[in-house]
Amino acid sequence: MPAQLLDGKSLAERLRQTLAERAKQFNARTGRPAGLAVILVGNNPASEVYVRHKVAACEKATIASQLVRLEASCTTEALLSQIESLNNDSQVDGILVQLPLPEHIPEKRVIEAIAPNKDVDGFHPANAGALFTGQPCLKPCTPFGVMVMLEQIKAPLRGAHAVVVGASNIVGKPLAMMLLQAGATVTICNSKTLNLEEKTRRADILIAAVGRPSLITAEMVKPGAVVIDVGINRLDSGKLVGDVDFERVAQVAQAITPVPGGVGPMTIAMLLQNTLDAAEAASLS
Ligand code: NAD
């Protein structure tokens with residue numbers, strides 16, 4: 001396999017050690033640990049796993065975490081009132097509402113109820129707007145993690161052509177903004193994009209964030225490109241794969257992320273970083 005394997009698991013582990021040091025220093029300076037509250041509504045099995053990983057990562061990094069569980073049948077008002085009380089709790093620096101929510105609860109109202117300075121998922125419109133206008137903000141963890149990976153391998157971004165396949169509010173769009181701010185020329189593709197291959201073949205940096213196995217084949221990749229696979233798909237066989245045909249694309253790319261073990265572990269590391277950033281900002285305000 002000629003491509004360099006971008007090992008997100010090891011990078012995330014190193015980052016988490018640095019963050020654990022920062023968390024200890026925060027505790028020593030302020031006399032309290034940084035705190036993250038995770039709200040889980042209902043018991044979606046995938047969400048249960050994600051939440052468990054987030055809470056465990058906090059514990060390892062000596063960040064105080066609390067898991068707030070609400071019944072799947074809870075009212076929007078009950079959830080909003082829980083968020084309000086966490087907004088006003090000075091021990092809580094970060095608030096994360098695990099998505100998806102049960103259908104009867106409007107996601108937008110819930111995200112907008114979180115105080116922007118505690119919005120460690122970076123989904124609040126105030127943070128999205130700040131990202132859009134190049135101001136300091138809490139950035140969505142997955143795209144933030146991708147940027148840290150690119151920085152780590154010193155991928156030249158200024159003047160590079162970055163193609164982001166996928167345009168969601170949580171991955172594709174914020175990542176496109178971050179790449180743009182780093183000096184890349186960015187193309188964003190979505191499900192309506194015509195002739196996707198023609199776009200992806202022009203990418204020096206190719207990001208796949210769709211949720212469709214083998215969407216990106218070797219023919220769609222420019223030789224020597226850096227390929228970042230954000231997708232997570234469970235095949236009928238139970239195997240976990242990304243959006244990129246890994247084996248074949250690895251023969252063409254300069255560097256590539258595996259799935260699992262690529263972008264995924266970075267997401268949690270960036271959540272810890274956002275929580276510490278929020279805690280430090282709160283302690284200085
Ligand atoms: P989403 O469903 O919200 O958005 C998918 C995007 O892909 C949309 O913009 C859609 O227009 C676009 N799209 C669909 N088909 C396309 C096609 N054929 N060509 C080009 N674009 C197409 O998904 P999301 O929440 O952004 O997640 C995307 C993937 O990333 C999923 O597999 C998800 O599981 C994964 N994900 C991984 C992490 C992580 O930590 N690694 C975090 C978030 C999401």
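Helices and strands here are DSSP runs, a helix (H or I) having at least four residues and a strand (E) at least two, with numbering from the N terminus. With that in hand, welcome to a tour of a predicted model.

**Figure 1. The whole protein chain, with its 10 helices and 11 strands.** Let us start with the overall picture. The C-alpha atoms fit a box of roughly 50 × 40 × 35 Å along the principal axes. For 285 residues, a compact globule would have a radius of gyration near 19 Å, and the protein chain agrees because its own value is 19 Å. Buried residues account for 50% of the 285 residues. If you take the contacts between residues at least 6 apart in sequence, 70% of them join residues at least 24 apart. The accessible surface is about 13,500 Å², and carbon and sulfur atoms hold 53% of that area. On the charged side, the chain carries 27 positive and 27 negative side chains, and the centres of these two sets are 4 Å apart.

**Figure 2. The two assigned domains of the protein chain.** The domain assignment places domain 1 at residues 30-115 and domain 2 at residues 141-263. Their C-alpha centres are separated by 29 Å.

**Figure 3. A close-up of Val 55 in helix α2.** This helix covers residues 45-60. Val 55 has a relative accessibility of 16%, so Val 55 counts as buried, the cut-off being under 20%. Setting aside residues up to four places away in sequence, Val 55 touches Ser 65 and Leu 67. For a longer view, pick out Ala 225, which is 170 residues from Val 55 along the chain; the C-alpha atoms of the pair are 35 Å apart.

**Figure 4. A close-up of Arg 234 in strand β9.** Residues 233-234 form this strand. Arg 234 counts as exposed because its relative accessibility is 60%, where the cut-off is over 50%. Beyond its neighbours within four places in sequence, Arg 234 makes contact with Lys 239 and Leu 240. You can also look across to Pro 213, which lies 21 residues from Arg 234 along the chain, with 8.6 Å between the C-alpha atoms.

**Figure 5. Cis peptide bonds at Pro 100 and Pro 260.** Leu 99 and Pro 100 are joined by a cis peptide bond with omega of about 5°. Pro 100 belongs to the loop that runs between β4 (94-97) and α4 (107-113). A cis peptide bond also links Val 259 to Pro 260, and here omega is about 0°. To find Pro 260, follow the loop between β11 (255-256) and α10 (263-284).

**Figure 6. Lys 154, a residue other than glycine with positive phi.** The phi angle of Lys 154 is near 55°. Look for Lys 154 in the loop between α6 (141-152) and β5 (161-165). With 70% relative accessibility, Lys 154 counts as exposed.

**Figure 7. Ser 214, with a positive phi in a residue other than glycine.** Phi of Ser 214 is near 60°. The loop that holds Ser 214 lies between β7 (205-208) and β8 (226-229). Ser 214 is partly exposed, because its relative accessible area is 44%.

Key: Residues numbered from 1 in each chain as written. Predicted model: local features only at pLDDT ≥ 70, side-chain atom pairs only at ≥ 80, totals over all residues. Heavy atoms only, no water. Rg over C-alpha atoms; globule rule 2.2 N^0.38 Å. Buried < 20%, exposed > 50% of the residue type's maximum accessible area, 1.4 Å probe, protein only. Contact = heavy atoms within 4.5 Å. Areas by Shrake-Rupley, 256 points an atom, 1.4 Å probe, with all protein chains shown as cover. Lys, Arg positive; Asp, Glu negative; His and termini not counted. Charge placed at Lys NZ, Arg CZ, Asp CG, Glu CD. Domains from an automatic or database assignment.
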